[in-house]
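Please open the structure in a viewer and keep the selection tool at hand. The stops below proceed one selection at a time, each with a short account of what is found there.

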Amino acid sequence: MTDQRTPQNAPLVELKNISISFGGIHAVDNASVDLYPGEVVALLGHNGAGKSTLIKILSGAYKRDSGEILINGEPADIRNPRDAKKYGIETIYQTLAVADNVDAAANLYLGRELRTPWGTLDDVAMEASAREVMGRLNPNFRRFKEPVKALSGGQRQSVAIARAILFNARILIMDEPTAALGPQETAQVGELIKQLKKEGIGIFLISHDIHDVFDLADRVSVMKNGQVVGHARTEDVTKDEVLGMIILGKVPPKAIPGPGAMQV
Ligand SMILES: Nc1ncnc2c1ncn2[C@@H]1O[C@H](COP(=O)(O)OP(=O)(O)OP(=O)(O)O)[C@@H](O)[C@H]1O
Ligand SMILES: [Mg+2]
């Protein structure tokens, strides 16, 4: 599904020829990936492959040494996380970044609280919009009045995701979002991701485990030693073929090789 508003149906995000080194280490080496609206692209690779570093360049946490970021086909000037938010980019980390002692509504508006004309906190408006956003994402969620620490991991992750989309995220980066969750809660986050897709949000879903993401992803991009091994539509490849990309850098016939592909 593509968004007709984008010029020439340009990708929502294009990271082009991105490189960054720390000391002598090429953490990311000439990496290119893209993402379309309503699409889930799984960014896969072993520990240390460069996945988090690459997306931290998109989220403004790191400054690239070279390469280009395009949003809707236009060059984007992203130098810090605030710039990234202006482009509708939000990040969800594996560590459940919620404030435990306050309820869901307070978490959604943490640091960006709504106020009444008299300058007091507008709890009524915040709770109403918390109910609206959570209702879209996770209709079974009822525990609006409880501190977030009383919620399950999956419910807490839905609060973190609701917080991101409340502020009009169009591009969601999820770095191992289920690492701290059990199987049932992981399934719940999977349902959230399907809901976000329907809203046209593009998602980079990062994982070192193919099994976590294969069924959710429209495409996979695999990294190894800082380089992109290749890209494939999940319907064109098997899990074993993707494992071959991750472990050996071996690119199956229907995938598009990148600079890190094994030379045969
Ligand atoms: N701030 C930093 N300073 C120095 N080296 C770094 C820094 N951040 C990342 N690196 C190095 O860059 C490489 C890529 O790390 P990165 O965290 O991007 O890997 P990853 O693919 O996300 O791995 P994981 O699956 O373990 O999260 C590693 O060799 C890492 O040690
Ligand atoms: Mg990482």
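Begin by selecting strand 10, residues 227–233, in this predicted model. Five of the seven residues of strand 10 are buried, and the strand is mostly covered.

Next, add strand 9, residues 219–224, to the selection. Strand 9 runs antiparallel to strand 10, and six bridges join the two. For a point of register, display Val220, which stands opposite Ala232 of strand 10. The two strands form a hairpin with two residues between them. In that turn, label Asn225, whose phi is positive, at about 50 degrees.

Strand 10 has a further partner to select: strand 11, residues 256–257. This pairing is also antiparallel and comprises two bridges. Here His231 stands opposite Ile256 of strand 11.

Now move to helix 5, residues 153–166. Its 14 residues reach 20 Å from the first C-alpha to the last, close to the 20 Å expected at 1.5 Å a residue. Is helix 5 largely enclosed or not? Twelve of its 14 residues are buried, so the helix is largely enclosed by the rest of the structure. The buried set includes Arg156 and Arg163, together with Val159, Ile161 and Ile165. To see what surrounds these residues, select strand 6 (89–93), helix 3 (104–108), helix 4 (123–137), strand 7 (171–175) and helix 6 (183–198), against which the buried residues of helix 5 pack. Following the helix is Asn168, with a positive phi near 60 degrees.

For the next stop, colour the chain by its domain assignment: domain 1 covers 13–88 and 170–257, and domain 2 covers 99–155. The C-alpha centres of the two domains lie 29 Å apart. Nine residues from domain 1 and six residues from domain 2 take part in the contact. On the side of domain 1 that touches domain 2, there are four nonpolar, four polar and one charged residues.

Finally, centre the view on ligand 1. Which residues surround ligand 1? The shell consists of Phe22, Ile25, Ala27, Gly45, Asn47, Gly48, Ala49, Gly50, Lys51, Ser52, Thr53 and His208. Two elements give two or more residues to this shell, namely strand 2 (25–35) and helix 1 (51–58). Helix 1 gives the most, with three residues. Coloured by class, the shell shows four nonpolar, seven polar and one charged residues.

Definitions and conventions: Residues are numbered from 1 along each chain as its sequence is written. Chains are lettered from A and ligands numbered from 1 in the order in which they are written. This is a predicted model: local features need pLDDT of at least 70, side-chain atom pairs count only at pLDDT 80 or more; totals for chains, interfaces and linings use all residues. A residue is near a molecule or strand if its C-beta atom, placed from the backbone, lies within 6 Å of it. Helices (H or I, at least four residues) and strands (E, at least two) are DSSP runs, numbered from the N terminus. Ala, Val, Leu, Ile, Met, Phe, Trp, Tyr, Cys and Pro count as nonpolar, Asp, Glu, Lys and Arg as charged, and the others, Gly among them, as polar. Domain bounds come from an automatic or database domain assignment. Two residues are in contact if their C-beta atoms, placed from the backbone, lie within 7 Å. A residue is buried if 20 or more other C-beta atoms lie within 10 Å of its own, exposed if 12 or fewer, and partly exposed in between; C-beta atoms are placed from the backbone. Two strands pair if DSSP finds at least two bridges between them. The expected span of a helix is 1.5 Å times one less than its number of residues.
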